[in-house]
Amino acid sequence: MPTDDIAFQKDSELRAKIDRSLRHPVMFFFASGATWLALSLLLGFISSAKAHSPTFLDGCGFLSYGRVYAAHLNLLVYGWGCQAAFGLVIWLMARLSRKECSAVGIILTAGHVWNFGVLVGFLGIIAGYGTGKPWMEFPVAVWPMLLLSYLFITVWSFVQFRCSEGGKIYVAQWYLVAALFWFPWIFLTAHLFVFVFNGHPVMAAAVNAWFKYALIFLFFTPVALGTAYYLVPKVTGRPIYSYALALFGFWALAVIGPWAGMQRLAGAPLPQFMPYLGAAATILILIPALAVGVNIIMTIRGHEDAVSASPSLRFALGGIVSFLTLGVLGLVLNTPGTLKLTQFSLTGYGYEILAIYGFFSMCAFGGIYFIVPRITRREWLSRRFISWHFWLTVYGVGTVVVCSIMGGLFQGQAQEAYGSAWMDAATRSYAYNIGTTIAWSFILFGSIFFLLHLLLMWARLGRRSQHPTLLKVDDHHEASPHGPEGDLDELQSAEA
Amino acid sequence: MSFKAFTLALMFSFGIPWLMIIVVPFSKMRHVEPIYFTEEADGRDDVYVPRRAGRIANGAAIYAANGCYICHTQLIRPSFAGSELGRPGWAGFKEQDDAGIPVDTRRETTPFDYVGESFAQIGLMRNGPDLSNVGGRIERYVKEDDADAKTPENWLFLHLYDPRKKVKAYWSTCPSQAHLFTTRNVYGQGSPDAVPGLGGEGEEVLPTDQALALASYLISMKKDDAVPYSINYRRDKKKAE
């Protein structure tokens, strides 16, 4: 029908305009995020190697274990995690609200400020000016800079959402709006209560412990789920399996998430309901995890070829499986019996890495593999790079998580055996640390493929083709598996 | 669902826990009420003043900046949450004093144990031992016959410089903090501040100000004072007779 054709044409024009308007900021966030990620993984490898071989790279203060470990996690969270989230949020929100972005210059400027803050923070930590509050180790001057640039990066997405005309609101948008709403509240609360207000030292530690989990469950989780809820229906071409389940999963996360985190202080001198409420909430995270997991997996069901062919879908599904694992581990690791084993062992690290890397980053990679070809108008260069990135990430993260969780439980048991010598507990995690080191080198290797690939795409050296880079090739194809090569616009005009 | 209802629901679902576990407990714990010894329970009648001497604020900053909290905790949990009360030397000491009278100072952490700090370094992992009572332990180490250091500071300097120097600790994975020390050639009689037992021929190793602050902070962590009956959680605690 001609009217449909016109509507379709208009629609693609609008989408192309949106992609064009956002190409610089989104690519900037992805590329600088991926660079910080590679550095963070390198530091993760070094710190993990130092955990079992303390003389490795010994002798200079800026490479000492305590500073490298702190820098590793802070770069993972602020250098990579937040920037990947910004790229995803501004692109997804513009597309879902069907609005072009009109503040590209401000977003880019704010993005540079954010990166400058991360750089100052990183140098501050390794130079020995870290604050020593987990995930808040950047020197105190950095956080106002980060918060301010956050506001200038994301406020436009909020405006787009509010100004979108009459259309329906998608599930992905609930998650993105909620993430935009929660992040400044959490970030400001944590930094004010820890650095500015003068309170009891134990309570400051409690706020810090809450901050980590709040950031995981109320910022990284909703951004990752928003991405997954966008990608899965888009790639499989089916609506979401159950709208009611999606609604339930969203509100379950919103109600349960804010209570989690203080279980790190179980047994500390503060009102005892706080840590145990935190443990209970972390157990209950299994409920939204199940709701989302079932919903996404049921949407994909019957489209298994799409999962093996599409890099975006494959990564997104990997992320959702990690989220389910995160929910189950939350249940297993926070019961009163296991909490005393996991509170001060490697387990916490494994859980955080699973959340940030196994879950959030996998969903973010899925989003990046989907978004970048659309904004650069080039296709990914190499199928092999993508599949190496995928498998190295999956096996690497799996190994880090298994080693940390298992090693942590054994370590916790040895710690509890107070009659044995301390050496027994101190050396119990040795083998698992070696496993973690090897796994980090795999992840680092995979992420270097990703970084190179992304930088080539940023330089607009991607394939000029109409065919997306899929991981499974159709063997019956005669010439190139990707169809005719050439400039997309020329090919289209030749067809017309 | 309208946008207004959505925002309100988000504000409530986040705001209630925010008030209940952050804002209200924080403001209530800003001023912990003083605890008193009582005549019938403790045999004395005055206010409990947590005592801690040393460069607490400076040392805590060095402790934080070098990531000590990643592998060391500062928390003795009550027995329902963990069993470190039973580890020798961690929670206090059960020993005999000079007059041969049995003394037991073991107890779990109280809110007063972090006095002088702005952030309680609860810690992330126990790859190394808990440090709540490390000052007390070191005082006893230097009294041992085979001790290679005569003062707690020197014991700590040797340990920070090379945690695996002692044969008994060959398995330790503690990173060396040699960057907190400076090495220089000996001129004349040498510096009185040089750490005995460190440095090669014709060299001396001096602790920097950071190492001095860190050592002072670590030595301040002792569990040896008498606490009032009401916050003494020891299982075998007795009222004064």
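**Exercise 1. State which residues A:A206 is in contact with, leaving aside its neighbours within four places in sequence, and place A:A206 in the nonpolar core.**

Solution. Leaving aside neighbours within four places in sequence, the contacts of A:A206 are A:M262, A:L265, A:L270 and A:M274. Two residues are in contact if their C-beta atoms, placed from the backbone, lie within 7 Å. The model is predicted: local features need pLDDT of at least 70, side-chain atom pairs count only at pLDDT 80 or more, and totals for chains, interfaces and linings use all residues. Residues are numbered from 1 along each chain as its sequence is written, while chains are lettered from A and ligands numbered from 1 in the order in which they are written.

Next, the largest nonpolar core has 217 residues, and A:V89 and A:A206 have the most contacts inside it. Such a core is a set of buried Ala, Val, Leu, Ile, Met, Phe, Trp, Tyr and Cys residues joined through C-beta atoms within 7 Å. A residue is buried if 20 or more other C-beta atoms lie within 10 Å of its own, exposed if 12 or fewer, and partly exposed in between. Helix α6 (residues 201-236) of chain A gives the largest share of this core, 26 residues. Helices are DSSP runs (H or I, at least four residues), numbered from the N terminus.

**Exercise 2. Describe how α4(B) and α5(B) pack.**

Solution. Helix α4 (residues 134-141) and helix α5 (residues 152-161) of chain B pack at an angle of about 100°, and their axes are 9 Å apart. The two helices are therefore roughly perpendicular to each other, a term for angles of 65 to 115 degrees. From α4(B), the contact is made by B:I138, B:E139 and B:Y141; from α5(B), by B:P152, B:W155 and B:L156. By class, this contact has five nonpolar, no polar and one charged residues. Ala, Val, Leu, Ile, Met, Phe, Trp, Tyr, Cys and Pro count as nonpolar, Asp, Glu, Lys and Arg as charged, and the others, Gly among them, as polar.

**Exercise 3. Characterise the side of chain B that touches chain A.**

Solution. In chain B, 55 residues are in contact with 65 residues of chain A. The largest share of this side of chain B, 10 residues, comes from α1(B). Its classes are 31 nonpolar, 18 polar and six charged residues.

**Exercise 4. Locate A:L57 and state its phi.**

Solution. A:L57 lies in the loop between α1 (2-52) and α2 (65-97) of chain A. Although not a glycine, A:L57 has a positive phi of about 50°. With 14 other C-beta atoms within 10 Å, A:L57 is partly exposed.

Note on methods:
Axes fitted to C-alpha atoms, helices over the stretch in contact; angles between N-to-C directions. Parallel < 35°, antiparallel > 145°, perpendicular 65-115°, else oblique.
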